[in-house]
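User: I would like to understand this model step by step. Please take my questions one at a time and let each answer close on what I asked for.

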Amino acid sequence: MQSMTVWIVIGIIGIIFICILSSSLTFYVHLNDGELAVKMGMFGLKFWLLNPNPPEKKRKKKWFRWLRKHKRRKKPLAKEKTVDEKQSPPPLEEPDWNVTPENIKQTMQKTAEKYPKQKRDFMETISMMLEFVKAAFEPVGNLLPRVRITCLTARIAVAKQDAHQTALAYAQTSAAIYYLLGNLKNRMIVKVKKLEIYADFVTEESHQTVFFKMKIRLGILIYHVLGIFKNIFVNHIREKAFRKEESL
């Protein structure tokens, strides 16, 4: 009987774990005239990842401040100094005014020996970045087809100083956006709700408003992130083995 209850509890925990991994993680992205706002949602809850206008901190209530003020303990009175303490401090030692270039060089050498500078190798940082890009290239390429972009709404007004520049900028912007959308649709699922691009010959400033939802399964995201770390670990072990062979 006890074994049955144990198996039932394990089964319930497994079902809950599978439901969590199969649930979708949603990112709400809103771009309004260069200001980017990103929210993350899961299980009906939403959290700010990037908030351009954070809410102001609420001021504490007056009664709470009054209570804190009256709870403070009074500071003890300062003790009167004794006769020994009131005595004048000892006289300062006269500085050594014999400063020469040789003395300066000696002090600089002593400080350099005591605190040596740690030089950072620029090539090491570049190699680390390349290792991360190599490790993330395959998992990210496999992850893109699993990403879904829905409710894509964009309203872009192109404006320049004169009509000729506005027309050229409108043509370049529309061509770039449709080219980007075509590439995205080839790599992932993209559902466009509304796309509006127009040339504004009245004003001299461009305006853009873009909103979309990006959805991905939590289990798939965790799997591919673990794949990136696995590739980094494997590449690190291979490099160690290669260095050992070279040293031999």
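**Contacts, core, sheet and pocket**

User: Which residues does L152 touch, not counting residues up to four places away in sequence?

Analyst: This is a predicted model, in which local features need pLDDT of at least 70 and side-chain atom pairs count only at pLDDT 80 or more, whereas totals for chains, interfaces and linings use all residues. Residues are numbered from 1 along each chain as its sequence is written, and side-chain values use heavy atoms, with hydrogens and water left out. With contact taken as heavy atoms within 4.5 Å, and leaving aside residues up to four places away in sequence, L152 touches L181, V190, K191, V192, K193, K194, V210, F211 and F212.

User: Which strand gives the most to the largest nonpolar core?

Analyst: A nonpolar core is a set of buried Ala, Val, Leu, Ile, Met, Phe, Trp, Tyr and Cys residues joined through side-chain atoms within 4.5 Å, where buried means under 20% relative accessible area, exposed over 50% and partly exposed in between, with a 1.4 Å probe and protein chains only. The largest such core has 22 residues, and L152 is among those with the most contacts inside it, together with L25, V190 and F212. Two or more residues come from each of strand 1 (24-32), strand 2 (35-42), strand 4 (148-158), helix 5 (163-187), strand 5 (189-199) and strand 6 (207-217), these elements being DSSP runs numbered from the N terminus, with at least four residues for helices (H or I) and at least two for strands (E). With five residues, the element that gives the most is strand 4.

User: In what order do the six strands form their open sheet?

Analyst: Two strands pair if DSSP finds at least two bridges between them, and in this sheet the pairing is mixed. The edge strands, each pairing on one side only, are strand 3 (45-50) and strand 5. Strand 4 and strand 6 run antiparallel and are joined by eight bridges, and A157 has H207 in strand 6 as its bridge partner. The order of the open sheet is 3-2-1-6-4-5.

User: At about what angle does helix 5 run to strand 5?

Analyst: Axes are lines fitted to C-alpha atoms, for helices over the stretch in contact, and angles run from 0 to 180 degrees between N-to-C directions. Helix 5 lies across strand 4 and strand 5, and to strand 5 it runs at about 175°.

User: Which element gives the most to the lining of the largest pocket?

Analyst: On a 1 Å grid over the protein atoms alone, a pocket is an open set of points where a 1.4 Å probe fits, with protein on both sides within 12 Å along at least five of seven lines, and lining residues have an atom within 4 Å of a point. The largest pocket has a volume of about 260 Å³, the space filled by probe spheres set on points joined across faces, edges and corners, and of its 13 lining residues the closest to its centre are L152, L180, L181, L184 and V210. Strand 4, helix 5, strand 5 and strand 6 each supply at least two residues of the lining. With five residues, the element that gives the most is helix 5.

User: Is C151 buried or partly exposed?

Analyst: C151 is found in strand 4, and its phi is near 55°, a positive value in a residue other than glycine. Most residues other than glycine have a negative phi. Because its relative accessibility is 28%, C151 counts as partly exposed.
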